[in-house]
Amino acid sequence: MAAFLSSSLNALPGVWQGDAWAQAPQPAVATGHAPLDAQLPGGGWPLGCMSELLLPPQAHPEWTLVMPALAAHLAQGPGHAVLVTPPLEPFLPALQPLGLTADRLCCIHPPSPRADMAAAWACEQALRCRDVRAVLAWLPQVPAAVLRRLQLAAAQHRQLLWVMRPERSRAQASPAPLRLWLQPQGEELHVHVVKRRGPPLAQPVALPARTPVLAAALQAQAQWRRQVQAAAWGMGGRTPQEVEDALACLALATH
């Protein structure tokens with residue numbers, strides 16, 4: 001009788017058993033990180049669902065994680081990725097080799113007051129836009145009701161949605177079907193699967209802290225800055241303060 005019920009339930013559309021989470025029907029976009037794909041239902045970022053990334057203070061490992069999938073998703077056709085209240089400007093030298101050019105990215109910084117609520121509203125409107133293929137939102141302080149609205153909007157419009165929140169939020173309930181806690185550890189990025197459609201994952205997934213493209217871009221930029229600094233010091237009549245100001249301007253121009 002139990003076997004009959006099990007086979008009957010599995011035949012129903014959208015129904016799956018907990019021990020069959022890897023084969024559960026779930027449209028997804030490959031993350032670009034094979035060890036992580038192996039632990040996610042559908043083998044990647046869920047399409048039409050909110051993926052919540054929990055970040056440590058003063059660290060921004062989210063780009064390393066999402067950059068390969070975002071680039072591959074945008075390469076499939078026209079459209080934009082909307083960045084809502086990013087704490088830092090996108091590092092274009094690392095994004096351009098993957099095809100993520102500035103004209104494919106749209107940054108939104110709602111004005112204060114109530115910037116968080118305005119950011120959440122902008123995020124929801126972006127999910128409803130036909131020209132948008134993915135949304136990345138940094139929402140450190142929004143209530144659960146707002147997150148539920150975003151999850152519903154992502155599901156209705158089959159969009160990719162990443163929401164970045166502080167790691168202290170991991171103890172709070174969330175409507176996100178997928179929650180990942182990111183911990184940089186030296187040359188590795190440890191990805192803790194806090195929540196997924198399936199059993200919990202006891203051990204974190206270890207990934208390189210930097211993608212090869214990002215590492216090459218950072219190395220090239222560091223070398224270029226050294227050359228600029230050497231050339232600046234070689235110019236007569238320049239004071240140390242003038243050189244420092246010039247380098248500061250150059251640093252701003254490359255971000």
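In this predicted model, a good place to start is a charged side chain resting on a ring: Arg 170 lies over the face of Trp 181, at a distance of 3.9 Å from the ring centre. From this single detail the description can widen to the chain as a whole. The chain has 255 residues, of which 42% are buried. Its secondary structure consists of eight helices and ten strands. Among contacts with a separation of 6 or more, 63% join residues that are 24 or more positions apart.

The interior comes next. The largest nonpolar core contains 34 residues, and those with the most contacts inside it are Trp 45, Leu 65, Trp 162 and Leu 180. The elements contributing two or more residues to this core are helix 3 (62-74) together with strand 3 (49-55), strand 4 (80-84), strand 6 (132-138), strand 7, strand 8 (178-185), strand 9 (188-195) and strand 10 (205-208). Helix 3 supplies the largest share, eight residues. Apart from this core lies another one, made of 21 residues, including Val 82, Cys 123, Ala 126 and Ala 154.

Two of the well-connected residues of the largest core, Trp 45 and Trp 162, deserve a closer look. How many aromatic pairs does the model hold? The count comes to one. Trp 45 and Trp 162 form this pair in an edge-to-face arrangement, with 5.6 Å from centre to centre and 85° between the planes. Trp 45 belongs to strand 2 (residues 45-46) and Trp 162 to strand 7 (residues 160-166), so the pair ties together parts of the chain that are 117 residues apart in sequence. Trp 45 is buried, at a relative accessible area of 0%, and Trp 162 is likewise buried, with a value of 0%.

The surroundings of these tryptophans can be followed through Ser 51, a residue of strand 3. Is Ser 51 buried or exposed? With a relative accessibility of 2%, Ser 51 counts as buried; the cut-off for that class is under 20%. Setting aside neighbours within four places in sequence, Ser 51 is in contact with Trp 45 and Pro 46, with Leu 161, Trp 162 and Val 163, and with Leu 178. Both members of the aromatic pair, Trp 45 and Trp 162, are thus found among the contacts of Ser 51.

Leu 180, another of the residues with the most contacts inside the largest core, offers a second view of the same region. Beyond its neighbours within four places in sequence, Leu 180 touches Leu 36, Trp 45, Glu 52, Leu 53, Leu 54, Leu 65, Val 191, His 192 and Val 193. Trp 45 and Leu 65, which are also listed among the most connected residues of that core, therefore appear here as contacts of Leu 180.Attention now turns to a pair of helices. The axes of helix 5 (residues 115-127) and helix 6 come within 9 Å of each other and cross at roughly 10°. That angle makes helix 5 roughly parallel to helix 6. On the side of helix 5, the contact is made by Met 117, Ala 120, Cys 123, Glu 124 and Leu 127, and on the side of helix 6 by Val 146, Arg 149, Leu 150, Ala 153, Ala 154 and His 157. Cys 123 and Ala 154 also belong to the core of 21 residues.

Distances between individual residues fill in this picture. Gln 125 lies in helix 5 and is partly exposed, with a relative accessible area of 33%. Its C-alpha atom is separated by 8.7 Å from that of Ala 153, a residue 28 positions away along the chain. Leu 152 lies in helix 6 (residues 144-157) and counts as partly exposed, at 48% relative accessibility. From C-alpha to C-alpha, Leu 152 and Glu 124 are 9.3 Å apart in space, while 28 residues apart in sequence.

Finally, the backbone has two spots worth visiting in the loops. Gln 58 has a positive phi of about 60°, although it is not a glycine. Where does Gln 58 lie? Gln 58 is in the loop between strand 3 and helix 3, and at 80% relative accessibility it counts as exposed. Arg 158, also not a glycine, has a positive phi of about 55°. This arginine is found in the loop between helix 6 and strand 7. With 43% relative accessibility, Arg 158 counts as partly exposed.

Note on methods. Residues are numbered from 1 along each chain as its sequence is written. This is a predicted model: local features need pLDDT of at least 70, side-chain atom pairs count only at pLDDT 80 or more; totals for chains, interfaces and linings use all residues. Side-chain values use heavy atoms; hydrogens and water are left out. Rings of Phe, Tyr and Trp (its six-membered ring) pair if their centres lie within 6.5 Å; planes under 30 degrees apart count as stacked, over 60 as edge-to-face and the rest as tilted. Helices (H or I, at least four residues) and strands (E, at least two) are DSSP runs, numbered from the N terminus. Buried means under 20% relative accessible area, exposed over 50%, partly exposed in between (1.4 Å probe, protein chains only). A charge sits over a ring if NZ of Lys or CZ of Arg is within 6 Å of the ring centre and within 35 degrees of the ring normal. A nonpolar core is a set of buried Ala, Val, Leu, Ile, Met, Phe, Trp, Tyr and Cys residues joined through side-chain atoms within 4.5 Å. Contact means heavy atoms within 4.5 Å. Axes are lines fitted to C-alpha atoms, for helices over the stretch in contact, and angles run from 0 to 180 degrees between N-to-C directions. Angles under 35 degrees count as roughly parallel, over 145 as roughly antiparallel, 65 to 115 as roughly perpendicular and the rest as oblique.
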